[in-house]
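Here are my notes on the model, set out point by point. Please read them with the structure open.

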Amino acid sequence: MTAEPVRSATVNGATLSYVEAGRGPDTVVCVHGSLDDYRSWRAQLGPLSAHHRVIAYSRRYHYPNRWDGDGSDYSAELHAEDLAGLIRTVTDPPVHLLTSSYGGNVALYMTSQHGELVRSLVLGEPPLLPWLHHIAGGETHLQRFLDSTWLPARDAFGRGQLEEGARLFLDGVMGRPTFEHLAPAARQLILDNAPEMAAETLANRYFPPFTCEDARSLRQPVLLCKGELSPEAFHLITDELAACLPAARPPVIIDRASHVMHLGNPQGYNRAVLAFLAQC
């Protein structure tokens, strides 16, 4: 993936960096999660580009994009409008959206507002954490996540301890110590995006106004992926999404992988995605 030239597009006043590969008849746009950027899709770009045009971009405030402002406007709605603008700028819709974590929140909200741009959705455990209030057993998992992960990470970022904040957040969403075991390049990618994560934890509109009723309005085919080793909170949310989305396939378990499953088991993840896209 690193051999692909980094391009840029100006969307909604922001410059978004992206790479692309392949010349297939349709386009796959990869939407990364928190503490990530376009580089996190390196294991997908090659396999998917054999059949599709693939675009992996860095969302606003993520490496290597230049910051405009202080990040206080960080929201799923802002990123959704950026995604819609990017699709209109660099390709011909509708597109397949391949998403990880918070990128799924962005994609779901964008699809609810601009459904004509989307052909299908692949969702890797969107953290729709407010949904846990209405899921049996969800309140306990939500409070545990807030107490063990979100609030300590926010406090560390607030003290300017970017590496500590990144470690706390990553270990929390993965459900086990992860940061200390990363290869140097993977750790640097995380740290490159630590300032972005600090903005996320301070955002006033972090979660999109997206409900089960909104999900029921989406008619696009949806592949839901769950990491075998992911924290139970993400499984509960994914199962609820499966019940709400009318065209969702039964969730696929990516074995030997946790929350960031496209990195944890890229071979298994790619097989599931390619099989799904072949049916869309």
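1. I start with the second largest pocket. The model is predicted. In this pocket, α4 supplies the largest share of the lining, with 5 residues. Two helices, α4 (138–158) and α9 (232–244), each give at least two residues to that lining.

2. The volume of the second largest pocket is about 210 Å³. Its lining runs through His141, Arg144, Phe145, Ser148 and Thr149, then Gly172, and then Pro231, Glu232, Ala233 and Phe234. By class, this lining splits into 4 nonpolar, 4 polar and 2 charged residues.

3. Next, the largest pocket. It holds about 460 Å³ of space. The lining comprises 26 residues, and those closest to the centre are Leu170, Met174, Leu182, Val260 and Leu263. Three elements contribute two or more lining residues: α5 (162–174), α6 (184–192) and α10 (261–264).

4. Which element gives the most to the lining of the largest pocket? It is α5, with 4 residues. As for character, the lining of the largest pocket counts 14 nonpolar residues, against 9 polar and 3 charged.

5. Now the cavities. How many cavities of 30 Å³ or more does the structure hold? There are 3. The largest cavity encloses about 80 Å³. Around the largest cavity sit Ser34, Ser101, Pro127, Leu129, Phe145, Trp150, Phe169, Val173, Tyr206, Phe207, Phe234 and His259. Both α4 and α5 give two or more residues to this lining.

6. The class count for the largest cavity deserves a separate remark. Its lining has 9 nonpolar and 3 polar residues, and no charged ones. Two residues are worth tracing from one site to another. Phe145 and Phe234 line the second largest pocket, and Phe145 and Phe234 also appear in the lining of the largest cavity.

7. On to helix packing, with α4 again. Helix α4 packs against helix α7 (residues 194–202) at an angle of about 120°, and the axes lie 9 Å apart. The two helices are therefore oblique to each other. Their crossing is left-handed.

8. Which residues make the contact between α4 and α7? From α4 come Trp150, Arg154 and Phe157. From α7 come Ala194, Met197, Ala198, Glu200, Thr201 and Leu202. This contact divides into 6 nonpolar, 1 polar and 2 charged residues. Trp150, part of the α4 side here, is also one of the residues lining the largest cavity.

9. The last pair is α2 and α3. The axes of helix α2 (residues 76–90) and helix α3 (residues 102–113) come within 8 Å and cross at roughly 70°. That angle makes α2 roughly perpendicular to α3.

10. In the contact of α2 with α3, the α2 side consists of Ala76, Glu77, His79, Ala80, Leu83, Ala84 and Ile87. These meet Tyr102, Val106, Ala107, Tyr109 and Met110 in α3. The class count is 10 nonpolar, 1 polar and 1 charged.

11. To close, a short viewing list. For α4, look at the second largest pocket, where α4 gives 5 lining residues, and then at the left-handed crossing with α7. For α5, look at the largest pocket, where α5 gives the most to the lining, and then at the largest cavity, where α5 gives two or more lining residues.

Methods: Residues numbered from 1 in each chain as written. Predicted model: local features only at pLDDT ≥ 70, side-chain atom pairs only at ≥ 80, totals over all residues. Heavy atoms only, no water. 1 Å grid on protein atoms, 1.4 Å probe; cavity = no way out; pocket = protein on both sides within 12 Å on 5 of 7 lines; lining within 4 Å. Points joined across faces, edges and corners; volume = space filled by probe spheres on them. Nonpolar A, V, L, I, M, F, W, Y, C, P; charged D, E, K, R; others polar. Axes fitted to C-alpha atoms, helices over the stretch in contact; angles between N-to-C directions. Parallel < 35°, antiparallel > 145°, perpendicular 65-115°, else oblique. Contact = heavy atoms within 4.5 Å. Left-handed = near helix turned anticlockwise from the far one by under 90°.
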